[in-house]
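Subject: Structure handover

Hello,

Here is the structure for you to take over. My notes on its cavities and its cysteines follow below.

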Amino acid sequence: MEKTVLITGGSRGIGAACVMAFAKQGYQVAFTYRTHPQDAEKMTEQLHQQGAKVYPVCVDVSQQEQVQRMVAEVEQKFGKVDVLINNAGIAQQKLFTDITAEEWRRMLAVHLDGAFYCCKEVLPAMIAQKWGRIINISSMWGQVGGSCEVHYSAAKAGLIGFTKALAQEEAPSGITVNCIAPGVIDTDMMAGFSEQDKQQLAEETPVCRLGKAEEIADTALFLASEKSAFITGQVIGVNGGMVV
């Protein structure tokens with residue numbers, strides 16, 4: 001029986017890599033986007049041509065009513081959601097003293113409220129079928145903190161705590177909840193960095209290169225599989241050795 005994965009923030013970067021990877025493995029893939037409809041449409045068309053079942057939905061995951069409508073749409077299209085990947089996120093580099101209250105609230109809303117709302121909507125069906133996979137995409141900065149990214153680091157750290165607590169609660173229902181903490185990944189979020197900055201970051205990484213979005217997607221595929229059934233409440237660092 002086909003499994004359905006719901007990936008938030010799936011139009012670019014790590015999210016898009018997850019969409020591609022899960023589609024190639026035969027999953028029915030629903031993904032959300034908010035600000036890049038052209039990217040979502042292009043990827044959907046490409047995967048449809050390859051015979052994949054893909055369904056994009058425009059939604060702001062920080063808004064509960066929008067998430068409720070989105071999950072209802074996905075369930076109508078594909079049935080229950082078997083795997084949820086909470087990937088939607090925003091980033092900002094800014095001195096702590098310059099962060100506005102609005103920017104602080106928005107950062108927490110997208111990362112934490114979004115994961116909360118999505119889990120609330122998909123968990124009842126997972127509990128009923130006694131099987132499910134929830135994968136939260138955090139960051140190494142959620143583990144160690146990043147200068148000039150206090151709000152981002154706080155949000156990603158909160159996602160780690162959310163993962164560990166929810167994993168304890170849902171394990172008896174056959175549902176695993178894990179977290180991937182990427183290091184420096186070469187995606188669109190790095191667009192503001194110069195080539196010199198990227199080279200320096202690569203040199204600071206023990207494996208001497210930046211990570212690829214596909215490497216995060218491969219980790220998510222493993223955590224979604226039966227092979228990971230005894231792994232829950234864990235933070236999997238995919239960071240080239242930068243955080244150990």
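About 40 Å³ of space lies in the largest cavity of this predicted model. The structure holds one cavity of 30 Å³ or more.

Which residues line the largest cavity? The lining is made up of Thr8, Val61, Asn86, Asn87, Ala88, Val110, His111, Gly114 and Ala115. Helix α4, residues 101-129, gives the largest share of this lining, with four residues. Sorted by class, the lining has five polar residues, four nonpolar ones and no charged ones.

On to the cysteines. How many disulfides does the structure hold? The number is zero. Cys58 is in no disulfide, and the nearest cysteine sulfur to its own belongs to Cys118, 14 Å away. A disulfide is a covalent bond between the sulfur atoms of two cysteines. The cut-off used here is a pair of cysteine sulfur atoms within 2.5 Å, so the 14 Å between Cys58 and Cys118 does not qualify.

Cys118 has a cysteine sulfur at a shorter distance than that, but still no bond: for Cys118 the closest cysteine sulfur is in Cys119, at 7.1 Å, which is too far for a bond.

As for exposure, Cys58 is partly exposed, with a relative accessible area of 48%. Cys118, in contrast, is buried, with a relative accessible area of 0%.

That is what I have on the cavity and the cysteines.

Regards

Note on methods. Residues numbered from 1 in each chain as written. Predicted model: local features only at pLDDT ≥ 70, side-chain atom pairs only at ≥ 80, totals over all residues. Heavy atoms only, no water. 1 Å grid on protein atoms, 1.4 Å probe; cavity = no way out; pocket = protein on both sides within 12 Å on 5 of 7 lines; lining within 4 Å. Points joined across faces, edges and corners; volume = space filled by probe spheres on them. Helix = DSSP H or I, 4+ residues; strand = E, 2+ residues; numbered from the N terminus. Nonpolar A, V, L, I, M, F, W, Y, C, P; charged D, E, K, R; others polar. Buried < 20%, exposed > 50% of the residue type's maximum accessible area, 1.4 Å probe, protein only.
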